[in-house]
Amino acid sequence: MRALTWHGTHDVRVDTVDDPEIVNPRDAIIRITSTAICGSDLHLYDGVIPAMKPGDILGHEFMGEVVETGAQSTLQKGQRVVVPFPIACGGCFHCRITQFSCCENSNPVEKQDMSETLYGFPMAGIFGYSHMTGGYSGGQAEYVRVPFSDVGPIVVPDHLDDEQVLFLSDILPTGWMAAENAQIQPDDTVAVWGCGPVGLFAVQSAIAMGAAKVIAIDHYPHRLELARQLGAETINFRTSDVREALMEMSGGIGVDAVIDAVGMESHGFAIDNMFDVAKQKIGIGADRASALKQAILAVRPGGRVSVPGVYGGMTDKFPLGALMEKGLELRTGQTHVQRYMKDLLAMIEEGKLDTTFLISHRLPLEQAPEGYRNFKEQQDSWTKVVLKPGMESAAPARGSA
Ligand SMILES: NC(=O)c1ccc[n+]([C@@H]2O[C@H](COP(=O)([O-])OP(=O)(O)OC[C@H]3O[C@@H](n4cnc5c(N)ncnc54)[C@H](O)[C@@H]3O)[C@@H](O)[C@H]2O)c1
Ligand SMILES: [Zn+2]
Ligand SMILES: [Zn+2]
């Protein structure tokens, strides 16, 4: 089959590789109909996540048709399913308390050393996301093997098209959990750093949860415009002092909750960020956390800090004093996607959530390398790329130039 494979920093290729096979009785094989490139994939593309090997198949946002099932799979051939990005067994302690992205059984023992050393506990398995998370082949391919297929995939009705439901695999629940972790109250002012797909879905979720005011921060005009269309006020961090603007917009008190939807590759020209860029380049596991640092300083005392942005290593000059002295609450984590899929699917069906507005480009799988390059280098107009293995040639972009 054809699949998008990682070969090094900024080097991804579509190669012919072996077809996946059923390995365990709970497996299913899915023929991919749609798959997306995530901001998290950019961390792999940029080479800042360790434990990638040349030839690894990327992709953790995907959906398709069930074509083969193991003896214990509860899926049936022909069903259309969306697959959550964390791989979870459904039976361990963490799965039972719906902390699916902390599953204890989905990362094979021989892959656990690195995360156990770095984080104190082994990570769960994630599709297409390095050998630290199990070395599973991802879904930016024609076919993928889905372990624990009786737990993760959700069957979607035929009257919803792929683009309405694809993002249930990751970014829609991620934006939702980010807003939930911000513990939004009706009178709240909430600030969201980053207007990528995760930030935009966090804005949409915060509004759906009843926040009085949502303020979105980025430096890309088109992405800021998308946030305004959702009902947010915006701050361009290139042209405004973010903390000053937030103080003004929150009546001098500071915002009640902050959401870091930027993660470990924060842009910015403050001196500490320039140091972080240099440290990250030499591969010592240093995260660029300037958006998170700014968020912690900008939130009001007693406020809440929600961090959907991915971090992998260590960061310097973390404002621990501000976190403690202001009495802040911090919640974070890889999304427990399986916990949210059913409810969010119902909201899509009822027309309460739209997921399609941020798709800017649709490309055949063969053009995936172009998709990665542009999603990285033309972030403003390439807001979200959907790859379609069966597609002949690129259709014109919708929703942006
Ligand atoms: N927790 C999870 O389970 C989960 C799931 C999906 C994605 N993520 C993470 O969420 C983050 C965002 O993902 P995405 O797909 O939206 O990525 P993206 O790269 O498309 O968007 C990031 C946005 O942040 C903006 N940004 C950069 N520095 C900033 C700063 N200092 N202040 C304000 N904005 C800034 C960029 O301009 C960009 O628009 C990534 O770290 C990704 O890995 C986490
Ligand atoms: Zn993702
Ligand atoms: Zn489990």
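In this predicted model, His336 counts as buried, since its relative accessibility is 9% and the limit for that term is under 20%. His336 is placed in the loop between strand S16 (329-332) and helix H12, and, when neighbours within four places in sequence are set aside, its contacts are Thr98, Gln99, Phe100, Ser101, Cys102 and Met177. Met177 is also one of the residues through which helix H5 touches helix H12.

Two zinc sites were examined. The zinc ion (ligand 3) is held by the SG atoms of Cys89, Cys92, Cys95 and Cys103, which lie 2.3 to 2.4 Å from the metal. Because the angles subtended by these four donor atoms run from 103 to 117°, the arrangement is tetrahedral, all angles of such a site being required to lie between 85 and 135 degrees. Along the chain, the donors of this ion follow the spacing C-x2-C-x2-C-x7-C. Within this set, Cys92 and Cys103 form a pair that links distant parts of the chain, with Cys92 in the loop between strand S7 (86-87) and helix H2 (93-96), and Cys103, 11 residues apart from it, in the loop between H2 and helix H3 (113-119). Both Cys92 and Cys103 are buried.

The zinc ion (ligand 2) has a mixed set of protein donors, namely Cys38 (SG), His60 (NE2), Glu61 (OE) and Asp170 (OD), at distances of 1.7 to 2.7 Å. The angles among these four donor atoms range from 78 to 134°, and the site is irregular. In sequence, the donor residues are spaced C-x21-H-E-x108-D. His60 is buried, with a relative accessible area of 2%, and Glu61 is likewise buried, with a value of 0%.

Asp170, another donor to the zinc ion (ligand 2), is located in the loop between helix H4 (162-165) and H5, where its relative accessibility of 5% means that it counts as buried. Apart from neighbours within four places in sequence, Asp170 is in contact with Cys38, His60 and Glu61, and also with Phe85 and Val337; of these, Val337 belongs to the part of H12 that meets H5. The C-alpha atom of Asp170 is separated by 9.0 Å from that of Val198, a residue 28 places away along the chain, and Val198 is itself among the residues of helix H6 that meet H5.

The packing of the helices was considered next. The axes of helix H5 (residues 171-181) and helix H12 (residues 337-349) come within 9 Å of each other and cross at roughly 105°, so that H5 is roughly perpendicular to H12. On the side of H5 the contact is made by Leu172, Pro173, Trp176, Met177 and Glu180, and on the side of H12 by Val337, Arg339, Tyr340, Leu344, Met347 and Ile348.

H5 also packs against H6, at an angle of about 55° and with the two axes 7 Å apart; H5 and H6 are therefore oblique to each other, and their crossing is right-handed. The residues of H5 that take part are Ile171, Leu172, Thr174, Gly175, Trp176, Ala178 and Ala179, which meet Pro197, Val198, Phe201, Ala202, Gln204, Ser205, Ala206 and Ala208 of H6. Leu172 and Trp176 thus appear in the contact of H5 with H6 as well as in that with H12.

Helix H6 (residues 197-208) in turn packs against helix H7 (residues 221-230), with an angle of about 15° and axes 10 Å apart, and the two helices are therefore roughly parallel to each other. This crossing, too, is right-handed. Here Pro197, Leu200, Val203, Gln204 and Ile207 of H6 meet Arg223, Leu226, Ala227 and Leu230 of H7; Pro197 and Gln204 are also listed among the H6 residues in contact with H5.

Finally, the backbone was inspected for residues with a positive phi. Most residues other than glycine have a negative phi. Ser130, although not a glycine, has a positive phi of about 85°; Ser130 is found in the loop between strand S8 (125-126) and strand S9 (143-146) and, at 3% relative accessibility, counts as buried. Lys317 is likewise not a glycine and has a positive phi of about 55°. Lys317 is placed in the loop between strand S15 (299-307) and helix H11 (320-325), and with a relative accessible area of 69% Lys317 is exposed, whereas Ser130 is buried.

Methods: Residues numbered from 1 in each chain as written. Chains lettered and ligands numbered in written order. Predicted model: local features only at pLDDT ≥ 70, side-chain atom pairs only at ≥ 80, totals over all residues. Heavy atoms only, no water. Donors = N, O, S within 2.8 Å, 3.2 Å for Na, K, Ca; no water. Tetrahedral: all angles 85-135°; square planar, octahedral: opposite > 155°, others 65-115°. Helix = DSSP H or I, 4+ residues; strand = E, 2+ residues; numbered from the N terminus. Buried < 20%, exposed > 50% of the residue type's maximum accessible area, 1.4 Å probe, protein only. Axes fitted to C-alpha atoms, helices over the stretch in contact; angles between N-to-C directions. Parallel < 35°, antiparallel > 145°, perpendicular 65-115°, else oblique. Left-handed = near helix turned anticlockwise from the far one by under 90°. Contact = heavy atoms within 4.5 Å.
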